[in-house]
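User: I'm a first-year student, and I'd like to look closely at one small part before I try to make sense of the rest. Could you walk me through it in plain words?

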Amino acid sequence: MVNLVNLEAVAKSYGVKPLLDGVSLGVAAGDRIGVVGLNGGGKTTLLEVLAGLEPPDGGRVSRGRDLRQAVVTQRTELAEGATVRNAVLDPLGITAEHEWAADPRARSILDGIGITAFGLDAPVRDMSGGERRRVALAAALVQDLDLLILDEPTNHLDVEGVRWLAEHLLARGTALVVVTHDRWFLDTVCTRTWEVVGGKVEQYEGGYADWVFSRAERARLAATLEEKRRNLARKELAWLRRGPPARTSKPRYRIEAAEALISDVPPPRDSVELLAFARRRLGRTVLELEDVTLRAGDKLLVENQTWRVGPGDRIGLVGVNGSGKTTLLRLLAGQIEPETGKRVQGQTVRPAYLTQELHDLPPQLRVLEAVEEVARRVTLGKQEMSASQLTERFGFPPARQWTPVGDLSGGERRRLQLARLLMAEPNVLLLDEPTNDLDIDTLQQLEDLLDSWPGTLVVVSHDRYLVERVCDTVVALLGDGRITDLPGGIEEYLNRRDAIVPAAAPKQADKPVSNAAERRAAQKELARLERQLDKLTRRETELHQALAEAATDGNRLLELDAELRSLLADKSTVEQRWLDVADVAE
């Protein structure tokens, strides 16, 4: 098969630093390639050389004749004065409203990326950087292409948008090269992985899980990686092998070798021990919201809600963009007051709040000085570290620790922000999108620290992998004024959103129905839902009884627990639907 694009002995440097050194590789039709590596290691440069946006310093780049490609990088600019319509629909020749309404693909893309609400005539110049990136992504996706090249496409999407993009890319079959730190996205979408390291590009079959297995196996056989990095890879393997089965359904390497690597690795997190330690440090009361109502301008976010965040809780907070996640986190941090109700904080609580902004860093100090400004030594769980050791774990080798803060990249500033936060030894962490601008190796280091961190944790993140890895429970803001507990985690959240959005979508197109007929239909559905709830409740009782009887049978316990979790998720969905239908029936 002839490749769409070939790189032959390509070299590219900026200043004295070689980012690509003799790189040879190709992209074939149907390939879906994920590009990973450290920040500043050459991932974006590889994409730009591959796309023809930057010429190589040496070597050769060849492309197939009449290759149709689209590129969305962090430097992609939209035309001055453009609207959403100009950027996305005009290149397709769609000008009339009825043509737009009749084009299901364009509608699906704008809805999926979350820019329909902007309006087709919204000027791009008035949008935030993230919103402009979403418009640029939509403009690329609506085209008929042979090759799609994307740099961090998930950065400005919520969990729902990331899932939609993954499903869209899988369905369309276009060749794809994508730089992303979203490991769930990598594992779901990509069939090959390129790791940019030391000027070279190491090629692996499969997505994130396969890459971790292969990289750890290479380290075991060749013994070329330092012990610290190898141990981290082994711990990540333990997580992947003990996690949901979907993560390990595609490995192409010897399972026996992988099992040998992790045979003596403890579980990533000893939840019982950490919970006991957290209770000793924090007491019974951590953060509580009592009968709280919260607004953002005229928008009601939370209404008369009571929510308790207890010692050792590890909570992921999800919701669509604009649902109020950051505002709720600011309320927990004590930065704002509720409209009604009150916030209660325990006497021993020392909260630390990671914002999405980077303005709290001292630009005049050097990296190590900025960390030592907080403290010189820190104890995180059972680990005691110096400021220099913690800073190195966040990707700053000793030489880099003397770089002025003002000279750091966005990703490096984020890492420094996290290091300073942990140096204060808080016992409650409130993290708002902590994965922004972090490469995968730094994410593994962060998760390794959080695994053994004995405190209370509330995380707002669109990174599904991180939420599933470090959090024990998930709650959501679904736009109904409630803080909703989701026993089924992210999957339950997406199922609920699927139930909400399609139910609302077709109403404009439906023919008018009389109120009486609508009520009769709702009452009929209520009866059906009540029968379903009765059946689920009976089965729940049976499962609890079966769990008690199988107390000594480990395998049977696992099977029953999985069935119970699935049942509770289904029951919660049915209950929510019952509440929605009950409003109509009344």
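In which loop, between which two strands, is D66 found?

Analyst: One thing up front: this is a predicted model. D66 is found in the loop that sits between β4 (58–63) and β5 (69–72). What's odd about D66 is its backbone: phi is positive, about 60 degrees, although the residue is not a glycine. Is D66 buried or exposed? The cut-off for exposed is over 50% relative accessible area, and D66 has 66% relative accessibility, so it counts as exposed.

It helps to set D66 beside another residue with the same kind of backbone quirk. E433 isn't a glycine either, and its phi is positive too, near 50 degrees. E433 also belongs to a loop, the one between β17 (428–432) and α16 (440–451). Its surroundings are another matter: buried means under 20%, and E433 has a relative accessible area of 11%, so E433 is buried. Put the two together and you have a positive phi in an exposed loop residue, D66, and a positive phi in a buried loop residue, E433.

For a loop residue that falls between those two labels, try L92. L92 is in the loop between α2 (84–89) and α3 (97–101). With a relative accessible area of 35%, L92 counts as partly exposed. Measuring along the chain, L92 and A106 are 14 residues apart, while their C-alpha atoms are 9.5 Å apart in space.

Glycines with a positive phi turn up here as well, and two of them sit in hairpins. Take the hairpin of β8 and β9: strand β8 (residues 192–197) and strand β9 (residues 200–205) run antiparallel, joined by six bridges. If you want a pair to find on screen, T193 stands opposite Y204 in β9. Two residues lie between the strands of this hairpin, where G198 has a positive phi near 60 degrees. The hairpin of β19 and β20 has five residues between its strands, and there G479 takes a positive phi near 85 degrees.

Let's stay with β19 for a moment. Strand β19 (residues 473–477) has two partners. On one hand, four bridges link β19 with strand β20 (residues 483–486), and the two run antiparallel; V475 faces D485 in β20 there. On the other, β19 pairs with strand β12 (residues 314–318) in the parallel sense, again over four bridges. In that pairing, G316 is opposite V474 in β19. Why is β19 described as largely enclosed? Because four of its five residues are buried, it is largely enclosed by the rest of the structure.

Helix α6 makes a good companion to β19. Ten of the 14 residues of α6 are buried, so the helix is largely enclosed by the rest of the structure. Among the buried ones are V159, V162, W164, L165 and L169, but E160, R163 and H168 are on the list too. You can also check its length: at 1.5 Å a residue, the 14 residues of α6 (residues 159–172) should span 20 Å, and since its end C-alpha atoms are 20 Å apart, that agrees. Right after the helix comes another glycine with a positive phi, G173, at about 80 degrees.

Finally, the empty spaces. A search of the whole structure turns up five cavities of 30 Å³ or more. The largest has a volume of about 70 Å³. Its lining includes V72, R133, R134, D151 and E152. The elements that give two or more residues to it are α5 (129–141) and β6 (147–151), and α5 has the largest share, four residues. By class, that lining splits into four nonpolar, two polar and four charged residues. Where does this cavity lie? Domain 1 (1–68 + 144–216) and domain 2 (81–142) both give residues to the lining, so the cavity lies between them.

The second largest cavity holds about 60 Å³ of space. Strand β3 (residues 32–37) gives the largest share of its lining, three residues. The lining also includes E152, H181 and L438. By class, it has five nonpolar, four polar and three charged residues. Domain 1 (1–68 + 144–216) and domain 3 (271–500) each supply at least three residues to that lining. One name to look up in both places is E152: E152 lines the largest cavity, and E152 lines the second largest as well.

Definitions and conventions
Residues numbered from 1 in each chain as written. Predicted model: local features only at pLDDT ≥ 70, side-chain atom pairs only at ≥ 80, totals over all residues. Heavy atoms only, no water. 1 Å grid on protein atoms, 1.4 Å probe; cavity = no way out; pocket = protein on both sides within 12 Å on 5 of 7 lines; lining within 4 Å. Points joined across faces, edges and corners; volume = space filled by probe spheres on them. Nonpolar A, V, L, I, M, F, W, Y, C, P; charged D, E, K, R; others polar. Domains from an automatic or database assignment. Expected span 1.5 Å × (residues − 1). Buried < 20%, exposed > 50% of the residue type's maximum accessible area, 1.4 Å probe, protein only. Pairing = 2+ DSSP bridges.
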